[in-house]
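Hi,

Here is the structure I promised to pass on. Have a look at it first, and then read my notes underneath.

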Amino acid sequence: KMTQQMRDLQLAQARKPLGPSSPNAAKRLYRNLSGKFRVNYTSFDEGSLVGRGEKEKLRKSYLFQSNAALFEAVELQDLDRVQEMLKHYSPEELDLNTPNSEGLLPLDIAIMTNNAPIARALLQAGAKESPHFVSLESRSLHLSTLVREAEQRVNELMAQVVNEAPNADCSEKEKQLKAWEWRFRLYKRMKAGFEHARVPDAPSSVHLSVASSSSLQVTFWEPLSINSAVVTKYKVEWSCSPTFSPLLGEAVIDKLKDLHFTIQGLVSGTAYHVRVSAYNMKGWGPPQASLPPFAIPSNWREYDGRAPRRRGQAEALDHLLGQVKTVHQHCICHEPCKNQPQSRKHSVSKSLKHLFHPGSKFLKTLKRGLYLTAIFYKDDNILVTHEDQIPVVEIDDTYSCLLMQDFLWLTKVSCMWDEILWLRQCVTVSQSSCSCILQMRFKMLLAISQMQGLLGIQDLGQVFFEPIKDKQGNILIVTLKEVKTNQTFESVRWVPICKLQTNRKSVSSPEEPTALDTLLISIQDKLAYHQRSSHALSPGLYLGYLKLCSAVDQIRVLVPEQLPNILCHVKIRSNPNISREEWEWLQKMASMEEPVPTEPETDSSQNPLFQELQVAIKELMTLVNIPLQEAKDFRLYSQEVLDFGDQVSFLLLLPPSDDVCTAPGQNNPYTPRSGFLTLPLQIFELGEER
């Protein structure tokens, strides 16, 4: 077995030192480096180095060893080792695109030995082909030179081994001979792979869709051929002519993790033809035309020239709020409230000390009334007072029945935590009317101010969608806030939730728990709800199901537990845009009062959206437990597409008009399966905005 690198490797050109060049040497190098692969090179004891020069030398040595190990793994066609190295290290750490002493890159070796799995792994990691191969002739000449020089070196070493008497030098020459014989076979295999390769076939499929009024989305799949060399890049071309003359533009795609491309800067209303061709080391293959053969950049709003629903609304509301504040600046309500804590913003680290201050006004127990509690959590820990209590303040000790309208008003206030002082001042001047509603809301603002002052934190988070009630007459409003920073605070501790639940001494019976006990029992569910309600959908077009149910004082909407800030939904496709042509088809179907498409039709191949809707409707009906035959009476909302930013849009599926909203006492024959809940409509709207 070989035990060292070839030291006398001399080729025609001046090249950098080569790593071990035999299978056994490569295995030993990989084994020796395997421990180092678990840490970054900066984990070495740099304190023992003298100056930056030593550190840079160590860094280069580490990179060289990693690079050499990667080359050997590729040459040995060891896919597992290649994938492990690519997983743990970046292309820069592996020196992935720096040629070795033969002017080759790892990707060159993989594609010329026709090792498709390793080549694809390298391509997805960002590997490139050697820039030295500017033509087929240059690649062929380079390979021939490597084979010729390796063969010459093998002959020289063989002659030396035969002619010299057995000694230590002869043993060294035999090792070098075996290493060169192995490399000679590798180069011949690479040369044969190049000579037998042919240009790639056309991509197996090219799909063209309208991404916006000025762009098209091109999605393609690699060629089906298995005899051709590995494809390393693709070319997308577009033109207004089906003959592609003249050519309007082209783009070369060499990042092959996702095979799609967006053509930007197109003219709305103009038809564009698109084709895609593949490239390997033998050159460009034939192009594949898209399906459909052309597309016209457009958007559904162009159908009737409709402006975006929310254009300028946020700015208008900010302006209106500013005007209201201006009006109140010189009135009596602008005077500072006597009960208001100092308005100076405290730092979190300083103000959290109030949690442990003897004069803290946090409550330990509830005594029949309305209360506010703030849950701050980080990972599996929760913030508590110095007595290991969740922060609770009193809103009203005589209020045992929370009106839904007051609660919903408070949820809207949660969007203006920084404006509580101003809101208190405005409500104060209106108390002369003796309105019970205003008095209660003023008490809510006082409690919020007290909580903010004691915690030293303005933002109390999101209000949980329903208050907690117990049989003792207590009502607990809960706010939830996740603390994502790793900042630590003096005299403040985060208590594990499980420990808080275990150590709490309950004063209630299991049959009739207090609101605080109920909170602790269900706190994991509430934190999970809070986290899920902030999740966002991936880009795409979705089909949503609108189902409401009404009560005496509120309307509730059906939502999935896993994403409670969005209607029940399924994804139609990854492209969120509805083109003008697709919207025209939807309008035509709505005007003819056609049922929603649940059964396949023979003449639907010309409208991909039709087929996509069929699949989505079936999936959605199964999700909400509605028989498919009932969907024939459903209808698509045809007034607009609901756009949530630029990347997510919704089409709405509506039940028959009499069943959109279930009235109190009305029986709903189709109850959704587990995994759903109903939220007050106002809560859902706030969650949607967040």
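Let's start with one pair of residues in a sheet: in strand β6, the bridge partner of E237 is R275. Before going further, a word on the ground rules. This is a predicted model, where local features need pLDDT of at least 70 and side-chain atom pairs count only at pLDDT 80 or more, while totals for chains, interfaces and linings use all residues. Residues are numbered from 1 along each chain as its sequence is written, and side-chain values use heavy atoms, with hydrogens and water left out. Helices (H or I, at least four residues) and strands (E, at least two) are DSSP runs, numbered from the N terminus.

**Strand β6 and its neighbours**

E237 and R275 belong to a longer pairing: strand β3 (residues 233-239) and β6 run antiparallel and are joined by seven bridges. Two strands count as paired if DSSP finds at least two bridges between them. R275 also stands opposite A289 in β8. That strand, β8 (residues 288-295), pairs with β6 over four bridges, again in the antiparallel sense.

There is also β7 (residues 283-284), which runs antiparallel to β6 and is joined to it by two bridges. Find N280 and you will see G283 of β7 opposite. β6 and β7 make a hairpin, with two residues between them.

So how buried is β6 (residues 272-280)? Eight of its nine residues are buried, so the strand is largely enclosed by the rest of the structure. Buried here means under 20% relative accessible area, exposed means over 50%, and partly exposed is in between (1.4 Å probe, protein chains only).

**A second sheet**

Now look further along the chain for an open sheet of four strands, in the order β23-β17-β18-β24, with mixed pairing. Which strands stand at the edges? They are β23 (661-662) and β24 (676-680), and each has a single partner strand, so one side of each is left without a neighbour in the sheet. Strand β18 (residues 555-560) runs antiparallel to β24, with five bridges joining them. In that pairing, L558 stands opposite T678.

**Helix α7**

Next, a helix you can check with a ruler tool. α7 has 28 residues, which at 1.5 Å a residue should span 40 Å, and its end C-alpha atoms are 41 Å apart, which agrees. The expected span is 1.5 Å times one less than the number of residues.

Several α7 residues are buried, including R139, H142, L146, E149 and V161. R153 is buried too, with a relative accessible area of 14%. The side chain of R153 meets that of E156 in a salt bridge (2.9 Å, N to O). For a salt bridge, a side-chain nitrogen of Lys or Arg has to be within 4 Å of a carboxyl oxygen of Asp or Glu. Both residues lie in α7 (residues 136-163), three residues apart, about one turn of the helix. An α-helix has 3.6 residues a turn, so residues three or four places apart point the same way. Unlike buried R153, E156 is partly exposed, at 34% relative accessible area.

**More salt bridges**

How many salt bridges does the structure hold? There are 17. One of them joins the side chains of R441 and D406 (3.1 Å, N to O). This pair links distant parts of the chain, 35 residues apart: R441 is in helix α13 (residues 436-455) and D406 is in helix α11 (residues 404-413). R441 is buried at 18% relative accessible area, and D406 is buried at 2%. Elsewhere, R573, E582 and E612 are joined into one network by salt bridges that share partners.

D304 and R306 make another salt bridge (2.9 Å, N to O). Here D304 is partly exposed at 42%, and R306 is partly exposed at 29%.

**Cysteines**

Last one: how many disulfides are there? The count is zero, using the rule that a disulfide is a pair of cysteine sulfur atoms within 2.5 Å. Take C549: its closest cysteine sulfur is in C661, 6.9 Å away, which is too far for a bond. C549 is partly exposed, at 26% relative accessibility, and C661 is also partly exposed, at 27%.

Happy browsing!
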